[in-house]
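Visitor: I would like to know how the labels on a protein structure are earned. Could you show me one and let me ask about it?

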Amino acid sequence: MPELPEVETVRRGLEPVMTGRLILQAQVNRPDLRWPFPPRMAERLTGARIEALRRRSKYILADLSSGESLLIHLGMSGRMLISGAALGAFHHAHPAPAKHDHVVFDLEGGARVTFNDARRFGAMDLMATATAEAHPLLSVLGPEPLGNEFDESYLMARLAGRNTPIKTALLDQHLVAGLGNIYVCEVLFRAGIHPERRASSLSRAKAASLVPLIREVLADAITAGGSSLRDYRQADGDLGYFQHSFRVYGREGAGCVTPGCTGVVQRLVQSGRSSFFCPICQH
């Protein structure tokens with residue numbers, strides 16, 4: 001499942017193509033993906049101008065001139081593909097429609113953006129922009145990890161008295177929005193915290209250290225274009241490269257990258273998800 005850096009990378013790739021453009025025609029090729037599409041979705045999108053493209057957690061939100069916002073979730077295999085008038089001065093022909101091209105946006109200026117989703121775990125919805133934060137998928141989310149609301153005081157207060165493992169706590173979207181399995185593993189390694197350690201047992205300094213490390217890991221991943229695992233691609237079709245910088249994730253049996261450490265990366269399963277860690281560096 002794409003995590004925050006992957007979704008932010010896709011948003012940044014789409015922004016210069018979509019923002020400020022009129023949707024000349026929206027085509028919806030099936031009644032649903034993970035959930036049914038909203039009523040008259042193609043009709044409601046056609047003729048609207050995309051005024052802003054933003055991200056909330058792992059969702060992309062397109063604010064429209066109609067007063068509605070389009071919510072996009074990529075799911076496990078969803079891709080937003082650009083064709084036609086891509087970045088730069090060159091125009092390219094649109095590819096032939098593919099089997100899993102479920103939603104197609106023909107935009108002012110000649111660009112086409114296609115939502116392709118082989119597994120159909122993605123989702124789209126329309127809502128009033130003014131009340132978008134009240135949407136059931138958004139209203140339960142905690143603050144953005146790259147935003148000002150997520151700071152040391154907030155995190156320490158939320159972890160106090162919490163007896164769940166710190167890895168489980170950081171994956172809780174009510175506590176902080178957008179963090180996923182890959183990047184929490186990487187954060188805990190940089191922080192020297194064992195993934196099974198109880199959240200409430202962290203010292204004030206240790207808990208506070210997590211905030212800048214979370215921002216650092218996410219920023220590094222966004223710069224690298226995300227991590228290309230299985231189906232994920234950027235909006236231009238290129239692979240992300242942060243997986244080449246993983247220090248523990250997916251490295252079970254490999255030596256720890258910390259200079260002088262003789263540890264070997266281990267894996268354990270927490271709530272059905274693999275956690276990777278160094279038993280010497282993390283405690």
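Guide: The talk below takes some labels and sets each one against its cut-off. One point comes early: this is a predicted model.

Visitor: What does the secondary structure of the protein come to?
Guide: The secondary structure comes to six helices and 10 strands. Buried residues make up 51% of the 283 residues. Among contacts between residues at least 6 apart in sequence, 65% join residues at least 24 apart.

Visitor: Why is helix H5 called largely enclosed by the rest of the structure?
Guide: Count its buried residues. H5 covers residues 181-191, and 11 of the 11 are buried, so the helix is largely enclosed. Among them are Asn 181, Glu 186 and Arg 190. A residue needs under 20% relative accessible area to be called buried.

Visitor: What covers the buried residues of H5?
Guide: The cover includes H1, helix H4 (166-171), H6 and strand S10 (273-277). Just after H5 comes Gly 192, with a positive phi of about 70 degrees.

Visitor: What makes H5 oblique to H6?
Guide: Look at the angle. The axes of H5 and H6 cross at roughly 130 degrees and come within 9 Å. Angles of 65 to 115 degrees count as roughly perpendicular, and those over 145 as roughly antiparallel. Roughly 130 degrees fits neither range, so H5 is oblique to H6. The crossing is right-handed.

Visitor: Which residues of H5 meet H6?
Guide: Tyr 183, Glu 186, Val 187, Leu 188, Arg 190 and Ala 191 do. Their partners in H6 include Lys 206, Leu 210 and Asp 220. By class, this contact has 10 nonpolar, no polar and five charged residues.

Visitor: Why is H1 called oblique to H6?
Guide: H1 (residues 4-18) and H6 (residues 204-223) have axes that cross at roughly 45 degrees and come within 9 Å. Roughly parallel needs an angle under 35 degrees, and roughly perpendicular starts at 65. Roughly 45 degrees meets neither condition, so H1 is oblique to H6. This crossing is right-handed.

Visitor: Which residues of H1 and H6 meet?
Guide: In H1 they are Leu 4, Pro 5, Glu 8, Thr 9 and Arg 12. In H6 they are Leu 218, Ala 221 and Ile 222. By class, that gives five nonpolar, one polar and two charged residues.

Visitor: What makes H3 and H6 oblique to each other?
Guide: Helix H3 (residues 152-159) packs against H6 at an angle of about 125 degrees, with the axes 9 Å apart. The roughly perpendicular range ends at 115 degrees, and roughly antiparallel needs over 145. About 125 degrees is in neither, so H3 and H6 are oblique. The crossing of H3 and H6 is right-handed. Glu 152, Leu 155, Met 156 and Leu 159 are the H3 residues in this contact. The contact divides into eight nonpolar, no polar and two charged residues.

Visitor: How do you know that Cys 256 is in no disulfide?
Guide: A search of the whole structure finds zero disulfides. For Cys 256, the nearest cysteine sulfur is that of Cys 281, 3.6 Å away. A disulfide needs two sulfur atoms within 2.5 Å. Cys 256 is also buried, with a relative accessible area of 11%.

Visitor: How far is the sulfur of Cys 278 from the closest cysteine sulfur?
Guide: The distance is 3.7 Å, to Cys 261, and that is too far for a bond. Cys 278 is buried, because its relative accessible area is 0% and the cut-off is under 20%.

Visitor: Where is Cys 281?
Guide: Cys 281 is in the segment after S10. Leaving aside neighbours within four places in sequence, its contacts include Phe 189, Gly 192 and Cys 256.

Visitor: Is Arg 40 buried or exposed?
Guide: Arg 40 has a relative accessible area of 51%. Exposed means over 50%, so Arg 40 is exposed. This residue is in the loop between strand S1 (23-28) and helix H2 (41-45). Arg 40 has a positive phi of about 55 degrees, although it is not a glycine.

Visitor: Why does Arg 120 count as partly exposed?
Guide: Its relative accessibility is 34%. Buried is under 20% and exposed is over 50%. A value of 34% is in between, so Arg 120 counts as partly exposed. Arg 120 lies in the loop between strand S7 (112-116) and strand S8 (123-128).

Note on methods
Residues numbered from 1 in each chain as written. Predicted model: local features only at pLDDT ≥ 70, side-chain atom pairs only at ≥ 80, totals over all residues. Heavy atoms only, no water. Axes fitted to C-alpha atoms, helices over the stretch in contact; angles between N-to-C directions. Helix = DSSP H or I, 4+ residues; strand = E, 2+ residues; numbered from the N terminus. Left-handed = near helix turned anticlockwise from the far one by under 90°. Contact = heavy atoms within 4.5 Å. Nonpolar A, V, L, I, M, F, W, Y, C, P; charged D, E, K, R; others polar. Buried < 20%, exposed > 50% of the residue type's maximum accessible area, 1.4 Å probe, protein only.
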